[in-house]
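This briefing concerns the contacts between domains and between chains in the model shown below. Its topics are set out in turn, followed by a note on a single residue.

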Amino acid sequence: MTSVVSSSPLPATRARGHSRRRRRASTGWRGLAYIAPAMLLVLVFFVLPVLLTVWMSLHNWPLMGAQKWIGLKNYTRLLSDARFLQALNFTAFYTLVVTIAIFAVAFPLALFVEKQRRFVGFYRTVIFLPVVVGLATASLLWAWLANVDSGFFSPLLRLLGLVDRSPNLLARFDTAFLTIIVMVVWKIAGFTMILLLTGLQAIPAELDEAARIDGARRFQRFRHLTLPLMRRTIALALIVSITGSILAFDQFYIMTSGGPQNRMISVVYYIFNQSFVSFNLGYGAALSIVLLAILVVISIAQLKLLKIGEERP
Amino acid sequence: MTVIKTLLAATSLAALMLAQPASADTINMWVRTGIGDSFKEVVKAYNAGHDDKVQLTEVPYTELVQKYATAIAGGQAPDALSMDLIYTPAFAAAGQLEDLTDWAKSLPYFNSLSPSHVRLGTYQDRLYGLPLSVETSVFAWNKNLYRKAGLDPEKAPATWEEITANAQKIRALGDDTYGFYFSGGGCGGCMIFTFTPLVWGAGADILSADGKTATLDTPEMRKAVDIYRTMIKKDLVPAIAASDNGANFLSFTNGRIGQQSLGAFAIGTLVTQHPEIDFGVTLIPGVNGKPSSFAGGDNLVVTKGTPRIEEVKTFIQYIYSMDGQKIMAKYGSLPTRGDIADEVLKGLDPRMAVGLKAISVAKTPYTLQFNDLINSNNGPWAAFITAALFGDDVDGAFKTAQEDMQSIIDSGQ
């Protein structure tokens, strides 16, 4: 009896364990099958090109003619390349300024269009409209707006009597930089606003109400309720904005051709110049790999700082 | 069933089209912008009189080289193109151009083709580029504005002191009238063409003869920079000059610019499209009065392996015919065939002859790094121009540019 009792559950558990293992294995394969198309896309359009870029970066690879293996020479050259460091510097400066500017505009806008008020749909649409304009198109438009003779801003300043004669906004670093920042904010802020808006709308109204009943003032509610609950959204918006700014190219290429005295050469612009003006595809590839590494590090740092991915809801 | 039938029909139709004899072919050609209309017009005339057609694509001149190089790498290159002659050696050295030596030497007039073009079209004793258009830089002044300012419209200025003084008088005419213009905002190509003659005339140069040393910082260049700076400071130059990357190079055609250094191509454009502008042409004076000029222009090169090489050759022969040469000259390209040059220019605007005369005092820099050093919008030469002419620190501009140029030259060897 005891032997029967003791022996009977054993095979059952073994069998159950077996089938569970089998089921786990089969769901594993099914899962893989589900993500296979996405993995294939990532493989073909991201992993393979990156590997090819790494391979190119180890060569002296001219645009035309034969390539030659040179090992890590492109990378050692990069360490002492003053123009690359200058481009990094400028890109960091631009990213900092433009990100702050975008958030300073987008956050109030998001708060503004979150509340149900009259014409809110209209406001949202108008603010979002520039986002659907291509960046190159927007750059061309603004290059014309900023033109000293046939443009809009300079003659306007003159008409208003603020200046004696039309200033050439794109000829000086400060004014050209300001023009580009304003253009990018005009173009991008709507997108950041939409991201932040979704975060705002995800906050349950009851929480706000409860805080209000407890006597929290408007700023206190924003600081201790809204901001902490929006951490994930802010992280997303921040990463999108910073990555986009680090990869900036069109506006500098189109509006200022690299700016007065080459002071507006971003990293991507420099990579473009090395690859397609100087025809050093190999060196351009090495620069791209370094830029990729920098972006990965910055994104990880941001996630860590905003403590995303550590706790599960 | 019907689907298959349609498919079959379509493929056989395609096969038929492919099998047709190449009686009316289309040659794809590229031309850079900013060299006037001469090539466009000669293509128009050719298309009107021949079964073969030339399809022309205009490419912004600052991007032609990289676009062509990427097109070759991607297998999308045109059959032939009009290429700034300075780049011919680099593309020939990379093995991307068709060798035209034997055919070209069989042309009866081969020996009278523009020698500097042929020299730059030759790489290791083989010929890869043939002269297509010749142009030199010259100095133009607006006679109407001269008259209004009380200056003698027939007297060509011979020194920069004179040019500056005239510019001041013209500027005094009104708000929108300026004494002088140049594309200084990062257009290295414009400035090597119009500004270096100031130092060449005085015997200096920006590169050593072998192209291995940058010799930017000379007393002559300092003086040239000073002349332009003075004119900018006196407000004789429109503000757009500081950010003009070449798009406004032909500002002279708007009739409100008193004086400007231009190319022979622009003379053609002015004569044919802006007859309302009464202008004179002379050589560009050097800083101490002795004139000089930049001899440039385009070579016609053929992409290696093109199936339409015979058609391209027929087209080239048309360009070299009397008809072709006359059309080219009418729109501002100086004759590429020396043996018939006088006859080609006969009956044309006498101002074209000044462009021809400039050849005798003209220079062409020879360096394989021309794009990196000079023409690139972000090269040291373009940066030097903006910094030295519009910046506050002239010494710094000289120092930086001299170092940058040398480091590019060194890294290329």
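In this predicted model, domain 1 and domain 2 of chain A bury about 450 Å² between them, and carbon and sulfur atoms account for 90% of that area. Between domain 1 and domain 2 of chain B, the buried area is about 2500 Å², with 65% from carbon and sulfur atoms. Chain B and chain A together bury about 2100 Å², of which 50% lies on carbon and sulfur atoms.

**Domains of chain A**

- Domain 1 of chain A covers residues 2–57, and domain 2 of chain A covers residues 76–305.
- The C-alpha centres of these two domains of chain A are 42 Å apart.
- The contact involves 5 residues of domain 1 of chain A and 7 residues of domain 2 of chain A.
- Thr53(A), Met56(A) and Ser57(A) provide 72% of the area that domain 1 of chain A buries against domain 2 of chain A, more than any other three residues.
- Between domain 1 and domain 2 of chain A there are 0 salt bridges, and the count of residue pairs in polar contact (both at pLDDT 80 or more) is 0.
- On the side of domain 1 of chain A that touches domain 2 of chain A, 3 residues are nonpolar, 2 are polar and none is charged.

**Domains of chain B**

- Each domain of chain B is assembled from two segments: 25–135 and 296–359 for domain 1, 136–294 and 364–411 for domain 2.
- A distance of 27 Å separates the C-alpha centres of domain 1 and domain 2 of chain B.
- To their contact, domain 1 of chain B contributes 33 residues and domain 2 of chain B contributes 31 residues.
- Of the area that domain 1 of chain B buries against domain 2 of chain B, 27% comes from Ile86(B), Glu135(B) and Arg351(B), more than from any other three residues.
- The interface of domain 1 and domain 2 of chain B has 0 salt bridges, while 8 residue pairs are in polar contact across it (both at pLDDT 80 or more).
- Elements giving two or more residues to the domain 1 side in chain B are α3 (64–73), α4 (88–93), α6 (115–121), β6 (129–142) and α16 (352–358); α16(B) gives the most, with 5 residues.
- That side of domain 1 of chain B comprises 16 nonpolar, 9 polar and 8 charged residues.

**Interface of chain B and chain A**

- Here 30 residues of chain B are in contact with 26 residues of chain A.
- Gln66(B), Ile240(B) and Asn378(B) supply 25% of the area that chain B buries against chain A, more than any other three residues.
- No salt bridges are found between chain B and chain A, but 10 residue pairs are in polar contact (both at pLDDT 80 or more).
- On the side of chain B that touches chain A, two or more residues each come from α3, α17 (370–375) and α18 (380–390) of chain B, and α3(B) gives the most, with 6 residues.
- By class, this side of chain B holds 13 nonpolar, 12 polar and 5 charged residues.

**Lys143(B)**

- Lys143(B) belongs to helix α7 (residues 143–148) of chain B.
- Lys143(B) counts as buried because its relative accessibility is 13%, and buried means under 20%.
- Beyond its neighbours within four places in sequence, Lys143(B) is in contact with Pro153(B), Glu154(B), Asp278(B), Phe279(B) and Gly280(B).

Definitions and conventions: Residues are numbered from 1 along each chain as its sequence is written. Chains are lettered from A and ligands numbered from 1 in the order in which they are written. This is a predicted model: local features need pLDDT of at least 70, side-chain atom pairs count only at pLDDT 80 or more; totals for chains, interfaces and linings use all residues. Side-chain values use heavy atoms; hydrogens and water are left out. Helices (H or I, at least four residues) and strands (E, at least two) are DSSP runs, numbered from the N terminus. Buried means under 20% relative accessible area, exposed over 50%, partly exposed in between (1.4 Å probe, protein chains only). Contact means heavy atoms within 4.5 Å. Domain bounds come from an automatic or database domain assignment. Buried area is the accessible area (1.4 Å probe) that two parts lose on being put together, summed over both. A salt bridge is a side-chain nitrogen of Lys or Arg within 4 Å of a carboxyl oxygen of Asp or Glu. A polar contact is a pair of N or O atoms within 3.5 Å; within protein, one must be able to donate a hydrogen and the other to accept it, and residues adjacent in sequence count only if both atoms are side-chain atoms. Ala, Val, Leu, Ile, Met, Phe, Trp, Tyr, Cys and Pro count as nonpolar, Asp, Glu, Lys and Arg as charged, and the others, Gly among them, as polar.
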